Amino acid sequence: MNKYYLNYLDELESEAIYILREVHAQFQNPVILFSGGKDSILVTHLAKKAFYPANIPFALMHVDTGHNFPETIQFRDDLIENLGARLIVGSVQESIDQGRVQEEKGKNATRNALQITTLLDAIESNKVDCAIGGGRRDEEKARAKERFFSHRDDFGQWDPKNQRPELWNLLNGKHFEGEHFRAFPISNWTEMDVWNYIKRENIEIPSLYFAHEREVVLRNGSWIPNSEYLQLEDHEEILTKKIRFRTLGDITITGGIESDADTLEKIALEVSAMRQTERGNRTDDKRSETAMEDRKREGYF
Amino acid sequence: MEINKNQLLRFTTAGSVDDGKSTLIGRLLYDSKSIFEDQLESVSNTSKKKGQEGVDLALFTDGLKDEREQGITIDVAYRYFTTPKRKFIIADTPGHIQYTRNMVTGASTANAAIILIDARNGVIEQTKRHTFIASLLQIPHIIVCINKMDLVDFKEEVYEDIMSQFEEFASKLLIKDVRFIPISALLGDNVVNRSTHMDWYQGAPLLHELENMHISSDINKVDGRFAVQTVIRPQKEGFIDYRGYAGRLASGIYRVGDEVSVLPSGFTSTIKSINAGEEEVQEAFAPMSIAITLTDDIDISRGDMLVKTNNQPETEQEFDVMLCWLNNEPAKPRTKYTLMHTANEQRAMIKKVVYKIDINTYDRITDDDHLAMNDIARVRVRASRRLMIDPYRENRNTGSLILIDESTNETVAAGMIV
């Protein structure tokens, strides 16, 4: 082998940077959908590289369910200050207060599905024409069909059976007024790739990803963190465990795993030995076989 | 794992459900230990519900609701697996004739194509169609998997016979590298592990081929082509005069100090610096994403191309293209479409249809200029301004284009410059 080839992480990086630059060139008002999770942190890191030495030309948009890990919010605010970027917050609580959505009832109630309305409202009111997400095709079967540039109609809906073909490196972001796009620069990355890259680049991530002691309850096979939003059932018991999170979302639905991995090296090693998919600890995906596809059609991340 | 050296290989699988395509992908994922326990559990449950013994490997590639209900693949699905040697991206495309457009999409970025043949049926129309598309899209490596060898008693004659059938028709096509492997995706013979039933086969199993085939030369490193995606102007302290031309190298190697010409203007200058992210580098090569600064202040914007002064592309306004029509709405004569080529956008029209190709017989049809979904034709395209182009067979990036219907914004055609 000669020296003029890229290793797979460099090639994924180059592809992602190419897509971010296309977004900048083809859209008027793009934002990065920022959840505080590793994938959106990675996308932000790649955007920094894509436009260096300029500041990133995207605002960060956070859809806030109101049920956050405090660590996530702190991390978000520090990052924003560091980047000199603008933050847009879409608040699910506000959507509830304004009667745009109704809070779910029952013990498994979450604000997961409510985010769709808040997200679409925020996109519309801020005149966003492209929302850049950290979605990856390896996460879920509906996401395996996603394009780099994914069209949304003026209701924010995705039509998986009628997507624009995407050939070579040519990305068609043309749209009519009121429609928008979702762009997924890290489509081709797997969970392992993300961790290997975070480790290589030494990217700062929230402490929640590292093993730490926390109060948790066992629910559907995952350790759900204790918080003011948690409704305990009779048989459930709060325990203190050394855990870490593989994905970060709303605090009410994100389950942790028992782990001793407290460094990036140990996490990468642990992930490579994992026998469960990372969304296996997300109760939002367990609701039905097609839970993700159904939400995505309506306009979910 | 030596992650610092591992390369990325993209391949497409063409074939229908009946050829065992889904089973083959399932087998690759399963035997390379890329299936997670929760996925395995869910597939085992479904297999049991359907009354099957063991695990139905094909279910690992199930996708959208409609696809599960109808038992077919509608759209390209991407799958991933990693071995200690390489990371793989599979573009899993449907094989039916009405899905030619998906096959073309999956093939456009692939290093390799796997073509599946059912050992009981030999070469059929679909095989010819898939092979034609693989050659049209210039996929550098083709692997013909002769599947279901277990159903023909693992006989060498069957394999030999299919191989010669294939070579007979494929000799009419431009294919650089083709290899044949007798397999049984269902039983796992010659997929990841070597078969114990076919001692007469001297070659390697499929995964070994995928892990070891030479792909560093798949990208053109000779002709320097760099299309400007966007101009970086930081306008902040320390970088007041910085003007970086950002893009992804389509081909070739660029070094600081190289003389470059800016097209279409024709001005020449010298590369002052190259940035890959925050890092300043002395040289860069395709497919790196970089930002270049020049020693001279020249007006350069998106769509312009920086090329080596001694090696330039053609600049043409009218040229021939092998066009694949991708939309339900047929081509409209004399209509203006938006043409996207590298980072360039122009209006263009199809001036004439030179001939259409029957993708089953490879015959040229000269008395029919109607272009409908899945049709492939050689056409003459005229753009409103000159484009910097290379023949597709020499350069996949500067030789490819798409057409967009201005009334719907949909991508309606994919073209390869002849």
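This presentation describes two interfaces in a predicted model, one between chain A and chain B and one between two domains of chain B.

Some conventions come before the results. Residues are numbered from 1 along each chain as its sequence is written, and chains are lettered from A in the order in which they are written. Because the model is predicted, local features need pLDDT of at least 70 and side-chain atom pairs count only at pLDDT 80 or more, whereas totals for chains, interfaces and linings use all residues, and side-chain values use heavy atoms, with hydrogens and water left out.

I turn to the interface of chain A and chain B. Chain A brings 66 residues to the contact and chain B brings 85 residues, where contact means heavy atoms within 4.5 Å. About 6800 Å² is buried between the two chains, and carbon and sulfur atoms give 54% of that area. Buried area here is the accessible area (1.4 Å probe) that two parts lose on being put together, summed over both.

How many salt bridges are there between chain A and chain B? The count is five, a salt bridge being a side-chain nitrogen of Lys or Arg within 4 Å of a carboxyl oxygen of Asp or Glu. Arg10(B) and Glu15(A) form a salt bridge through their side chains, at 3.0 Å from N to O.

On the side of chain A that touches chain B, helix 1 (8-26), helix 2 (38-51), helix 6 (191-201) and helix 8 (291-298) each supply at least two residues. Helices are DSSP runs (H or I, at least four residues), and strands are likewise DSSP runs (E, at least two), numbered from the N terminus. Helix 1 of chain A gives the largest share, 13 residues.

The second interface lies within chain B. Its domains are domain 1 (7-218), domain 2 (225-308) and domain 3 (314-417), with bounds from an automatic or database domain assignment. The centres of domain 2 and domain 3 of chain B, taken over C-alpha atoms, are 30 Å apart. Their contact takes 12 residues from domain 2 and eight residues from domain 3.

Between these two domains about 850 Å² is buried, 62% of it from carbon and sulfur atoms. Ala250(B), Gly303(B) and Met305(B) supply 43% of the area that domain 2 buries against domain 3, more than any other three residues.

The rule finds one salt bridge across this domain interface. The side chains of Arg225(B) and Asp390(B) meet in a salt bridge at 2.7 Å, N to O. Strand 7 (225-227) and strand 9 (244-251) of chain B are the elements giving two or more residues to the side of domain 2 that touches domain 3.
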